[in-house]
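Q: I would like a close look at a single part of this structure, set in the context of its surroundings.

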Amino acid sequence: MRVVFVMFCVAWSFQSAIAGERFDHALGHFEIQPTKQGIIVAAPHGTYDIRTDGLSKDVATLLGAGYVIARGFSSGASRINVNRPTEGAGRLCERERHTERARDVYNHYVRLIGKSSDHKALRLYVEIHGHTSLAFPNRLEIATTGITREEARQLKERFSASLAHTKAVYPAYPELELRIEPLDKVFFGAGCNKKIGYISTRRMDRTLHMEIPRSARTAETLGATAALVSSIVRATMSFAEPATDSGGKKEMSEASVKPAGSSVR
């Protein structure tokens with residue numbers, strides 16, 4: 001409990017305190033922090049998904065990981081999706097618009113992830129998003145690639161223990177429910193990202209595509225949320241490397257090759 005409390009305080013103190021390298025674009029800007037660990041924490045909708053920019057930076061700092069944050073690139077429904085070469089928020093994948101400017105922003109995003117990881121394949125790629133669903137206001141969802149059902153089960157158990165410790169220290173923290181692929185069916189399945197976005201490039205061993213509810217992204221809860229997310233990432237990195245087939249290629253879990261839930265995000 002004491003460790004969780006310290007992590008909570010540290011995460012809060014890191015909020016926006018460390019500035020990475022900035023890259024301007026005509027439609028927004030990127031901020032990156034390189035890594036040699038092979039872990040990138042990304043916020044492709046850092047402005048549109050409120051406080052995911054600061055949350056991603058806090059998580060990366062707690063882990064000693066790199067980050068890539070996109071800010072701007074948004075004006076209502078014409079949001080440029082950044083993590084894929086399309087624009088249009090909250091649409092089905094086939095209804096997102098492929099535009100030249102969206103392709104240009106996506107190419108910048110891919111290039112900066114490569115720059116941040118020394119152009120090496122990632123051990124883990126974490127995308128942090130925020131949702132405001134009224135149907136499940138306290139649900140944290142994680143779409144994945146490279147994660148087995150047993151690993152998902154272990155992550156769910158670890159999260160429950162971490163959440164209990166957090167609420168013991170901070171009783172007002174929301175009672176979050178975790179759903180994670182391939183153990184659970186999720187609504188935000190990152191289907192379009194897995195089909196045509198950065199996740200589809202397979203430049204990573206594993207992916208955690210997180211949808212954080214608004215209740216866990218308030219100014220008061222953000223530090224504790226950073227500690228909880230960090231605990232999930234640490235637990236993921238404790239797993240053995242994904243198995244390889246006879247040809248030396250890493251085997252993909254069902255969630256890696258079959259998009260589930262909504263295609264948006």
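Where is the place of His45?

A: In this predicted model, His45 is found in the loop between β3 (39–43) and α2 (52–63). With a relative accessibility of 2%, His45 counts as buried, because the cut-off for that class is under 20% relative accessible area. The side chain of His45 also takes part in a polar contact, at 3.3 Å, with the side chain of His129.

A further histidine, His131, may be described in the same way. Its place is in strand β5, which comprises residues 122–131. The relative accessible area of His131 is 2%, and His131 is therefore buried. Two polar contacts involve the side chain of His131 and backbone atoms. One joins this side chain to the backbone nitrogen of Ser133, at 3.2 Å; in the other, a polar atom of the His131 side chain lies 2.7 Å from the backbone oxygen of Arg139.

Leaving aside residues up to four places away in sequence, His131 touches Phe136, Arg139, Phe188, Glu211, Ile212, Pro213, Arg214 and Arg217. Arg139 thus appears both among these residues and as the owner of the backbone oxygen just described. Arg214, also on the list, is 83 residues from His131 along the chain, yet the C-alpha atoms of the two are separated by 6.2 Å.

The wider chain gives the setting for these details. The protein chain contains 7 helices and 8 strands. Of its 265 residues, 55% are buried, a class to which both His45 and His131 belong. Among contacts in the protein chain with a separation of 6 or more, 76% are between residues 24 or more positions apart.

One helix pair completes the account. Two packed helices are described by the angle between their axes and the distance between the axes. For helix α4 (residues 149–169) and helix α6 (residues 222–237), the angle is about 150° and the axes are 10 Å apart. Since angles over 145 degrees count as roughly antiparallel, α4 is roughly antiparallel to α6. Their crossing is right-handed. On the α4 side, the contact is made by Leu155, Arg158, Phe159, Ser162, Leu163 and Thr166; α6 contributes Ala224, Leu228, Ser231, Ile232, Ala235 and Thr236. Sorted by class, the contact of α4 with α6 comprises 7 nonpolar, 4 polar and 1 charged residues.

Conventions:
Residues numbered from 1 in each chain as written. Predicted model: local features only at pLDDT ≥ 70, side-chain atom pairs only at ≥ 80, totals over all residues. Heavy atoms only, no water. Axes fitted to C-alpha atoms, helices over the stretch in contact; angles between N-to-C directions. Helix = DSSP H or I, 4+ residues; strand = E, 2+ residues; numbered from the N terminus. Parallel < 35°, antiparallel > 145°, perpendicular 65-115°, else oblique. Left-handed = near helix turned anticlockwise from the far one by under 90°. Contact = heavy atoms within 4.5 Å. Nonpolar A, V, L, I, M, F, W, Y, C, P; charged D, E, K, R; others polar. Buried < 20%, exposed > 50% of the residue type's maximum accessible area, 1.4 Å probe, protein only. Polar contact = N/O pair within 3.5 Å; in protein donor to acceptor, adjacent residues only side chain to side chain.
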